Amino acid sequence: MRRASIDSVSTSRNGPRTLAIDIGGTGLKASILNGTGRMLVERIRAATPDPCRPEILLRAIAHLTAPLPAFDRVSIGFPGVIRDGYVITAPHFGTKAWQGYPMEAAVSRRFGKPVRLLNDAEVQGLGVIAGRGLEVVLTLGTGVGSAVFSDGRLAPHLELAHHPIHKRKTYDDYIGNEARLALSAKKWNRRVLKTIDVVCSLLHYDVLHIGGGNAANIEVDLPDNVRIASNDAGITGGIRLWDEEVWPFVRVGRLHNDRSESAIRRVAPSFAAAGRAAMPLGPTEIPS
């Protein structure tokens with residue numbers, strides 16, 4: 001695989017090129033994909049800015065991707081709830097500054113290219129699922145990401161990360177990176193197994209895919225229907241955002257075509273209210 005600074009391949013070879021960006025709570029990653037989703041250059045990485053307001057993140061993305069070859073379109077995985085190209089929540093960055101932010105349109109203006117935006121765990125899932133039965137994705141990184149697919153179709157977003165799992169602990173609190181660093185490897189791995197049991201009883205999946213950087217720290221035997229996914233899937237899954245069977249709402253979403261400031265102000269409160277209405281009533285308890 002060539003270095004990112006070399007650009008000797010025609011953008012028309014093997015279909016349009018996609019700049020795929022995986023935004024994480026602590027790291028930004030990017031590469032260029034060919035028309036089949038293969039990375040044409042080595043993945044590049046930089047630390048996620050802190051603080052991370054929208055304009056700061058856009059500058060960081062532009063700086064990170066500047067050495068990459070030319071591209072025709074952009075796919076982004078973002079760690080939060082996404083709807084019609086807008087950020088609804090960004091828990092790792094401070095939701096207030098991000099609520100209702102038109103990320104898809106802002107990146108499109110920045111690069112002058114079409115952009116598609118989805119939750120980061122959902123993008124990773126698109127890179128690993130087989131498309132048969134009920135498949136669930138958990139990503140273990142700064143926090144916990146989740147996605148659900150039925151016969152390859154993405155289900156409505158399920159934000160497990162902020163659902164209570166044990167007493168007052170959320171999934172993020174229970175098996176996120178802070179918990180991993182605070183606990184022994186044995187105890188953290190035991191929590192991962194208990195989390196798998198809870199997700200299985202919640203969804204009765206056929207296959208569970210576990211990805212994210214901390215999947216590499218799993219040291220216990222897993223059930224036969226649980227698989228460790230490549231962390232590169234957070235990038236390579238970006239090619240699927242341009243599959244019209246995966247992206248059926250791209251031409252019909254009113255918000256997708258209305259990027260005015262008044263529209264942003266109008267939708268943000270309604271999205272926030274929808275998020276509050278969807279809050280869980282109580283925890284799914286498991287032993288400590």
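Biologist: If I have it right, helices (H or I, at least four residues) and strands (E, at least two) are DSSP runs, numbered from the N terminus. What kind of model is this?

Modeller: This is a predicted model, in which local features need pLDDT of at least 70 and side-chain atom pairs count only at pLDDT 80 or more, while totals for chains, interfaces and linings use all residues. Residues are numbered from 1 along each chain as its sequence is written, and side-chain values use heavy atoms, with hydrogens and water left out.

Biologist: OK, let's look inside. Which residues line the largest cavity?

Modeller: A cavity is a set of points on a 1 Å grid over the protein atoms alone where a 1.4 Å probe fits but cannot get out, and lining residues have an atom within 4 Å of a point. Around the largest cavity, those residues are Leu 138, Leu 140, Ile 175, Val 192, Thr 195, Ile 196 and Ile 210.

Biologist: And which element gives the most to that lining?

Modeller: Helix α7 does, with three residues. If you set the limit at two or more residues of the lining, you find both strand β8, which covers 134-140, and α7, which covers 185-203.

Biologist: You mentioned β8, so which strands make up its sheet, and in what order?

Modeller: Two strands pair if DSSP finds at least two bridges between them, and by that rule β8 lies in an open sheet of five strands, ordered β10-β9-β8-β13-β14, with mixed pairing. The edge strands, each of which pairs on one side only, are β10 at 153-154 and β14 at 226-228.

Biologist: Which way do β8 and β9 run, and how many bridges join them?

Modeller: They run antiparallel and are joined by seven bridges, and one place to find them on the screen is Thr 139, which stands opposite Gly 145 in β9. A hairpin leads from β8 to β9 through three residues.

Biologist: What about the other side of β9, where it meets β10?

Modeller: The pairing of β9 with β10 is also antiparallel, with two bridges, and here Ser 150 stands opposite Arg 153 in β10. These two strands form a hairpin as well, with two residues between them, and in that turn Asp 151 has a positive phi of about 50 degrees.

Biologist: And how do β13 and β14 pair?

Modeller: They pair in the parallel sense over three bridges, with β13 covering residues 207-211. The partner of Ile 210 across this pairing is Ile 228 in β14, and Ile 210 is also one of the residues that line the largest cavity.

Biologist: Back to β9 for a second: how many of its residues are buried?

Modeller: Buried means under 20% relative accessible area, while exposed means over 50% and partly exposed lies in between, using a 1.4 Å probe and protein chains only. Six of the seven residues of β9 are buried, so this strand is largely enclosed by the rest of the structure.

Biologist: How many are buried in β4?

Modeller: In β4 the count is six of six, so that strand too is largely enclosed by the rest of the structure. Arg 73, Ser 75 and Gly 77 are buried on one side, and Val 74, Ile 76 and Phe 78 are buried on the other, which leaves both faces covered.

Biologist: Why would neighbours in a strand end up on opposite faces?

Modeller: In a regular strand, that happens because the side chains alternate between the two faces of the sheet.

Biologist: Which strands pair with β4?

Modeller: β1 runs parallel to β4 and is joined to it by five bridges, while β7, at residues 115-119, pairs with β4 in the parallel sense, also over five bridges. On the β7 side, Gly 77 has Leu 118 as its bridge partner, and towards β1 it is Leu 19 that stands opposite Val 74.

Biologist: Is Leu 19 buried or exposed?

Modeller: Leu 19, which sits in strand β1, counts as buried because its relative accessibility is 0%.

Biologist: What is Leu 19 in contact with?

Modeller: Contact means heavy atoms within 4.5 Å, and if you leave aside neighbours within four places in sequence, the contacts of Leu 19 include Ala 30, Ile 32, Leu 68, Phe 71, Val 74 and Phe 111. As for Met 39, its C-alpha is 9.7 Å from that of Leu 19, although the two are 20 residues apart in sequence.

Biologist: Last topic, helix α1: which of its residues are buried, and what do they pack against?

Modeller: The buried residues are Pro 54, Ile 56, Leu 57, Leu 58, Ala 60, Ile 61, Leu 64 and Thr 65. They pack against the strands β1, β2, β3 and β4 and against the helices α2 and α3.

Conventions
1 Å grid on protein atoms, 1.4 Å probe; cavity = no way out; pocket = protein on both sides within 12 Å on 5 of 7 lines; lining within 4 Å.
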